Amino acid sequence: MEHVHLIALDEEDLYSGYNDYNPTYDTEELENDAAFQQALRTSHGRRPPMTAKIPNTAAGARSFGNMGARVPLASSMGRPATGAIQDGISVARPMTAVRAAGYTSAAYRGSAFDPLGQSRGPAAPLETKNEDTPEEKVKNLEKTVNELIEESCIANGRGDLQLALEKAKEAGRKERILVRQREQTASADHINLDLTYSVLFNLASQYAANDMYAEALNTYQVIVKNKMFNNAGRLKVNMANIYFKQRNYPKAIKFYRMALDQISSSHKEMRIKIMQNIGVVFVKMGQYTDAITSFEHIMSESPNLKTSFNLILCYFAIGDREKMKKAFQKLIVVPLGIDEDDKYIPPNDDPHMNLVIEAIKNDPLRQMERERKAMAERFIMTAAKLIAPAIEVSFAAGYDWCVEMVKASQYVELANDLEINKAITYLRQRDFNQAVETLKMFEKKDSRVKSAAATNLSFLYFLENDFGLADRYADLAMNADRYNPAALTNKGNCVFARGDYEKAAEFYKEALRNDSSFTEALYNLGLTYKKLNRLEEALDCFLKLHAIMRNSAQVMYQIASLYEMLEDLTQAIEWLMQLISVAPTDPQALAKLGDLYDNEGDKSQAFQYYYESFRYFPSNIEGIEWLGAYYIDTQFCEKAIQYFERAALIQPTQVKWQLMVASCYRRSGNYQKALETYKDIHRKFPENVECLRFLVRLCTDMGLKEVQEYATRLKKVEKMKELREQRVKSGRDGSARGRREGSASSENGQSNYVTSAKGERMSAKLRSLPGVNDPYETSNNKDIDASYMDPLGPQIERPRTAARKRVEEDEFADEELGDDLLPE
């Protein structure tokens, strides 16, 4: 209370004068005071406020320092002076908690130093950093460079390699600006080595990812040559990898060895990987001895699957049998680092443990273990198939040795798979008996192996058309494993071969219920529905199959065929176009596409695809026939000759092709060549009536003496033909006409000209050509149709120039020429 009495005295009030307002120190005008604002931006404005007050300086206490002291601060540094010295006597501190201090800050409310923190004036620069300073610029540039590196790495992870490279280049440009900015400052540490290393390394990596190997090597060289970068020598591995991609194998080995020298022995795993790369490079160079040295060192230090398999390949390349065996034995004992599968078997009495095992049964670690084990099995199977013919005198003995080794190892379950693989190898060697004998050994094995062997046996007997044994082994495979889709499909095939399509469809459906992606069953089911004329269901099957096998030409052809059967030619053409995009050299698909365009009436497109089909398969008779008919239809008989000549070479016993060649010569006006061709045909087929008739006709037109000879032969052949027909007619009743036509055709050495739907269309088209019919349409025997029909159709009558009187020259010679007709 003593302090209260002292403060209560007006003349001794320590806070007197604080309520007085002096307009000189109006804080409202401080925002426009340039000197004050500059002070705020300098270190002077950041000095701590004064906390003591000297007496008799009440007016001067309102300087900048004490102005800051009036702002309420959280620390004791900014508290107002509550004690002072008066005339050398210490004055007690007032009890401000009991009584008001006696002043108000109303005069300063709303100023730049508002105690309530509602300032909107020049106090903001005190709280924010000035970005114009060199230090802030350096920090911002460092942040930008790091962000660009991160964006480059993220873009590379997404697969956008071009963007990743652009970001890496931008980071390099910013980093150079950062180095110059640091050099301009007074800081001694003007280089951030870690940041520079990151920028260069990322840039080199992005160059390599974009196959810009020269730029990547140059960038790596900058890092490696800089002695300030620690452990930069390891990047020579990256440089060696680039040389390996460029197939510069000597330089790749050089850089691998340089990197190996700069890596200490404590980094054992990295050294092993580098030595693996050196061995692979030696294999690429064909230096198998050097590669074996590297791989053997790795197997002695840290054996692994890939190195062991590569070692077997090298021994196989040099033909060392004993070392192949030893390497195979090492391969099957390489530790996989996988725990036993017993830990995944749940106990029956612990529900909590059951939940844990269920959770880890297919976790990423378990998947990794499966992949590693599958890789080991694949290496063992491949190595056994590779070395089996080389390590023993025969393939079978070598395979038996591999099987015995595997049975004594941790891969004992692979022994049966190797035996089945042995049978499949026999199949590839066309040794079906040995394959069957090998597969029959599995009839008493466990169900899985028995089912696989029986499935292969059923397939073998089906290929040999022994459907009884195929059906038997299909049943055996199904009994061993009812859920084997291959066994069910084989059973369906056997039923399909017997013609029971409905039952075959049921087996295919069951196979698909067990494995919805079993493409063989789905394909066969589509064919079955096609046989049953259930075209919509068949189309649905093949469309599903197309979704699984996008580039299967067979599936596309079946879809096109079904659309054609459904009379949707537009869709059929569309699917055939997709087919030839996958198999552009398939002559059957091209011919089918030409046939569809022909049915649509588009002759030009049909010709294009038939011509492409002929180009890839010049022996296709249907294509040759269509192209020849096309040129005859377009009145280009000369071009049709080459196609009919090719057909005559393919089918030399068919007289119709040679007659067509002769008719083409005759149509084109080359009568001499036509006569020679007909004579050649007559020598090969002396009893051919059509050829003799043409010879009589041509000899008559050309005034040759052989006309009488050929006419006599023609009558003789017609008489023989008539007698044969009479004998056939008298000996056969009911089908006399059909028998007679067949006998005449075979004995005369000729066949019907039209044997297919396309041939019928061609003959009808040729017969419809304008022109007069050839003679020789009558015969003494009315029962025999001996009339002649040109295989190329009726010919347009040519002018009879030979019968015209040659009097023009004489008349012209007797005529007097006028002056206007004489030359000048």
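Reader: Is Glu-567 buried or exposed?
Author: This is a predicted model. Glu-567 sits in the loop between α26 (553-565) and α27 (569-582). Its relative accessible area is 71%. Exposed means over 50%, so Glu-567 counts as exposed.

Reader: What is the phi of Glu-567?
Author: Glu-567 is not a glycine. Even so, its phi is positive, at about 65°.

Reader: Where does Asp-211 lie, and what is its relative accessibility?
Author: Asp-211 also has a positive phi, of about 60°, and is not a glycine. Its place is the loop between α7 (193-209) and α8 (213-225). Asp-211 counts as exposed, and its relative accessibility is 53%.

Reader: How many salt bridges are there?
Author: Side chains of opposite charge can pair when their charged atoms come close. Here the cut-off is a nitrogen of Lys or Arg within 4 Å of a carboxyl oxygen of Asp or Glu. By this rule the count is 20 salt bridges.

Reader: Which residue does Arg-534 meet in a salt bridge?
Author: Arg-534 is partly exposed, with a relative accessible area of 25%. Its partner is partly exposed too, at 35%. The N to O distance is 2.8 Å, and the partner is Glu-537.

Reader: Which residue of helix α33 lies three residues from Arg-683 and meets it in a salt bridge?
Author: Arg-683 is exposed, with a relative accessible area of 60%. Its partner is partly exposed, at 27%. The two are three residues apart in helix α33, so about one helical turn separates them. Their side chains meet at 3.2 Å, N to O, and the partner is Asp-680.

Reader: What is the N to O distance between Asp-680 and Lys-684?
Author: Asp-680 and Lys-684 are four residues apart in helix α33, so they too are separated by about one helical turn. Their side chains meet in a salt bridge, and the N to O distance is 3.5 Å.

Reader: Which residues do salt bridges join into one network?
Author: The network forms through salt bridges that share partners. Its members are Asp-471, Asp-475, Lys-491 and Arg-498.

Reader: How many aromatic pairs does the structure have?
Author: A pair of aromatic rings is described by the distance of the centres and the angle of the planes. Rings pair here if their centres lie within 6.5 Å. A search of the whole structure finds 22 aromatic pairs.

Reader: What kind of pair do Tyr-523 and Phe-542 form?
Author: Tyr-523 lies in helix α24 (residues 519-531) and Phe-542 in helix α25 (residues 535-548), 19 residues apart. Both residues are buried. Their centres are 5.3 Å apart, with 85° between the planes. Planes over 60 degrees apart count as edge-to-face, so this pair is edge-to-face.

Reader: What kind of pair do Tyr-678 and Phe-694 form?
Author: Tyr-678 is in helix α33 (residues 671-684) and Phe-694 in helix α34 (residues 689-702), so the pair ties together parts 16 residues apart in sequence. Tyr-678 is buried, at 0% relative accessible area, and Phe-694 is buried at 5%. The centres are 4.8 Å apart and the planes 10° apart. Planes under 30 degrees apart count as stacked, so this pair is stacked.

Reader: Which residues do ring pairs link into a cluster?
Author: The cluster is built from ring pairs. Its members are Phe-607, Tyr-610, Tyr-611, Phe-614, Trp-626, Tyr-630, Tyr-631 and Tyr-643.

Reader: Which ring face does Arg-615 lie over?
Author: Arg-378 offers one example of this arrangement, over the face of Phe-379 at 5.9 Å from the ring centre. Arg-615 is 4.8 Å from its ring centre, and that ring belongs to Tyr-616.

Reader: How many disulfides does the structure hold?
Author: A disulfide is a covalent bond between the sulfur atoms of two cysteines. Cysteines are present: Cys-153 is partly exposed at 43% relative accessibility, and Cys-691 is buried at 0%. The number of disulfides is zero.

Reader: Which residues make the nonpolar surface patch of about 200 Å²?
Author: Val-356 is one of them, and its place is helix α15 (residues 351-360). Val-356 is partly exposed, at 33% relative accessibility. The patch is made by Met-353, Val-356 and Ile-360.

Notes: Residues are numbered from 1 along each chain as its sequence is written. This is a predicted model: local features need pLDDT of at least 70, side-chain atom pairs count only at pLDDT 80 or more; totals for chains, interfaces and linings use all residues. Side-chain values use heavy atoms; hydrogens and water are left out. Patches are made of residues with over 30% relative accessible area and no salt bridge: like charges are joined within 9 Å, nonpolar side chains (Val, Leu, Ile, Met, Phe, Trp, Tyr) within 5 Å. Accessible areas come from the Shrake-Rupley method with a 1.4 Å probe; for residues, only the protein chains shown count as cover. Buried means under 20% relative accessible area, exposed over 50%, partly exposed in between (1.4 Å probe, protein chains only). Rings of Phe, Tyr and Trp (its six-membered ring) pair if their centres lie within 6.5 Å; planes under 30 degrees apart count as stacked, over 60 as edge-to-face and the rest as tilted. A charge sits over a ring if NZ of Lys or CZ of Arg is within 6 Å of the ring centre and within 35 degrees of the ring normal. A disulfide is a pair of cysteine sulfur atoms within 2.5 Å.
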